[in-house]
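Colleague: I'd like to learn how to read charged pairs in a model. Could you walk me through them?

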Amino acid sequence: MEKAVRSYSYRGPVGATSPAGRALSEALDLVMEGRSPYPDKSTFIDADKPETNREVRGAAREGQHAVVVSPGGGTRVMSPEEVLAEDHDAA
């Protein structure tokens, strides 16, 4: 059986124990079990930071899904197409 390979990243301080950091850690554990709910090429971003919108747009421009994690641990997965369409609609 072939394991799924995933590419995940985290936009936050190194070593931080933040909601996005915890969600990424959990996602990596689930990848090892072959059952991660997050798409390949995902960037985990804390929802409550002043730069969240900028980081979500940056991830989208890099072709990454944005996994925005609330302080309570809830997540919202946004595809690059969704984010870039919102940027286009706002312009």
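**Reading the salt bridges**

Modeller: Let's start with one pair: Arg76 and Glu82 join their side chains in a salt bridge, 2.8 Å from N to O. The term stands for a side-chain nitrogen of Lys or Arg within 4 Å of a carboxyl oxygen of Asp or Glu. The general idea is that side chains of opposite charge can pair when their charged atoms come close.

Colleague: Are Arg76 and Glu82 buried or exposed?

Modeller: In between. Arg76 is partly exposed at 43% relative accessibility, and Glu82 is partly exposed too, at 28%. Here buried means under 20% relative accessible area, exposed over 50%, and partly exposed in between (1.4 Å probe, protein chains only).

Colleague: Which residues do salt bridges with shared partners join into one network?

Modeller: Lys49, Glu51 and Glu55. Within that group, Lys49 pairs with Glu55, and their closest N and O atoms lie 3.0 Å apart. Lys49 and Glu55 are both buried.

Colleague: How many salt bridges does a search of the whole structure find?

Modeller: Four. One of them links the side chains of Glu33 and Arg35, at 2.7 Å from N to O. Glu33 is partly exposed, with a relative accessible area of 49%, while Arg35 is exposed at 53%.

Colleague: What should I know about where these values come from?

Modeller: This is a predicted model, in which local features need pLDDT of at least 70 and side-chain atom pairs count only at pLDDT 80 or more, while totals for chains, interfaces and linings use all residues. Residues are numbered from 1 along each chain as its sequence is written, and side-chain values use heavy atoms, leaving out hydrogens and water.
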